[in-house]
Amino acid sequence: MNTQLVITLVVLLLMIIGFLSGKFKLGLVAMTASTILCLTGVLTFNEAYANFSNNNVVMIAGMFILSGALGKTSLVPQMRQLVIKHSGKSQLIVFIYMLACAVLIQFSMPTALISMFLPFMAAFDEDSKVKPSHLLFPGAVLAHCCQGLLPGAYFVMINGLLEANGATEMLGPLDYSKVILLPALLAFLYIVFIGWKGLPASNINTSSLKEQKNSAALLTPVQEKIVYVIFILNFVGILFQQYLPFGMYVLPIVAVIILCYLNILTLNDVKNFINLDTIFMLAGVMPLGTAMQKTGAGAVVSDFILTLLGGNPSPMLMLFAFYFAGAILTQFMSNTATQQVFVPLAIVTAIAQGLDPRPFTMAIFAGCTAAMLTPTGSPSIAIAFGAGQYKIKHILKVFVPIWIIYGVSTCLCANFFFPMV
């Protein structure tokens, strides 16, 4: 092991401990990790800090501000009254919210989805049986579990990796959908009827929205209509991003600029509405993925897990091993990076063993996408974790069971539709 690889593994361990301890702000822990990687030469300055301009970080900053603008309208008090009116129907509220997450994720991205729902969390007050903490993290988890149910880019990406690594059989547009349909349904049922009840009740950690909860609307009727129109256009633009001549990540920034020029938002609003702890956490955890790829730490973790199998493992054991190796590692580095580490390795290994590599690729893609156990799993999971004021122990208690169920069912479905031998 070279020095940089050891440093990366140590920093990963320390960051996990920092997150688990609950004694420090998540943003402080994450930025400490990226700074150590920079000071030790594992990452360059740009690699350690360039993520402040990362599209996800920029987008969520804009969405926090846009959420604050929506909080200045009368919409939140009206929604709060609606929630109070139906407060006895907590199960129905959870069902509708989760169904919306499962459907909208087919046309959006997890980060965009959690950002769009964020401002409406202020509608849940002290009298509501359902709290934002019952919805935010479970909704983000479900979105990851359901992503790719409709034909999209996933099967194209998988086919590219299959072809590049010597496979002869490719996937059809609905193949990935068939494999994750049952696991996604199990995740939906678990979260809607069991999971959300195991989370502590707490409100959203967005002080700007909290300040507006008990105050009258701060905008005129005309200004409110402008905010609604801009918010809806932003929402529609994100849903139909493939038709835009530019990246969707700039949409919230454009919306904020327009609202500032119209004097609906001030620069103080912009400053106050940004959740800096979330921004620092996002910008700080991303460089760790770069370091793990750069130093080969991801491959070390993978090799270590595989050596635990020993001898000549059965095809099903190999599939489970690759799945859970990727599913574990994706809790600490980007989904795409983890997929790029494990999918080619799985394809080559499967072909060498005379096995069909397709179930390996789809299972690994699903496992890496369904990050749900740590705030480093993905930007959307991080946002939900920070805003919902969760603790790691609560997340592990509630979501480890469905993480295992989702993984086992994914591997079984992959082998059912595409027998390895």
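## What counts as a cavity

A cavity here is a set of grid points where a 1.4 Å probe fits but cannot get out. In this predicted model, that rule gives two cavities of 30 Å³ or more.

## The overall picture

Let's step back to the whole protein for a moment. It's a helical affair: 21 helices and zero strands. Of its 421 residues, 56% are buried.

Take the contacts between residues with a separation of 6 or more: 82% of them link residues 24 or more positions apart. As for the outside, the protein exposes about 17400 Å², and carbon and sulfur atoms supply 69% of that area.

## Inside the largest cavity

Back to the cavities. The largest one has a volume of about 40 Å³. Three elements each give two or more residues to its lining: α6 (90-104), α7 (110-117) and α8 (132-146). Which helix gives the largest share of the lining? That's α7, with four residues.

If you want to find the spot in the structure, look for Tyr97, Cys101, Pro110, Leu113, Ile114, Phe117, Leu136, Gly139 and Ala140, which line this cavity. What classes of residue make up the lining? Eight are nonpolar and one is polar, with no charged residues. The polar one is Gly139, because Gly counts as polar in this scheme, while residues such as Tyr, Cys and Pro count as nonpolar.

Key
Residues are numbered from 1 along each chain as its sequence is written. This is a predicted model: local features need pLDDT of at least 70, side-chain atom pairs count only at pLDDT 80 or more; totals for chains, interfaces and linings use all residues. Side-chain values use heavy atoms; hydrogens and water are left out. Buried means under 20% relative accessible area, exposed over 50%, partly exposed in between (1.4 Å probe, protein chains only). Contact means heavy atoms within 4.5 Å. Accessible areas come from the Shrake-Rupley method with a 1.4 Å probe; for residues, only the protein chains shown count as cover. On a 1 Å grid over the protein atoms alone, a cavity is a set of points where a 1.4 Å probe fits but cannot get out, and a pocket is an open set with protein on both sides within 12 Å along at least five of seven lines; lining residues have an atom within 4 Å of a point. Grid points are joined across faces, edges and corners, and a volume is the space filled by probe spheres set on the points.
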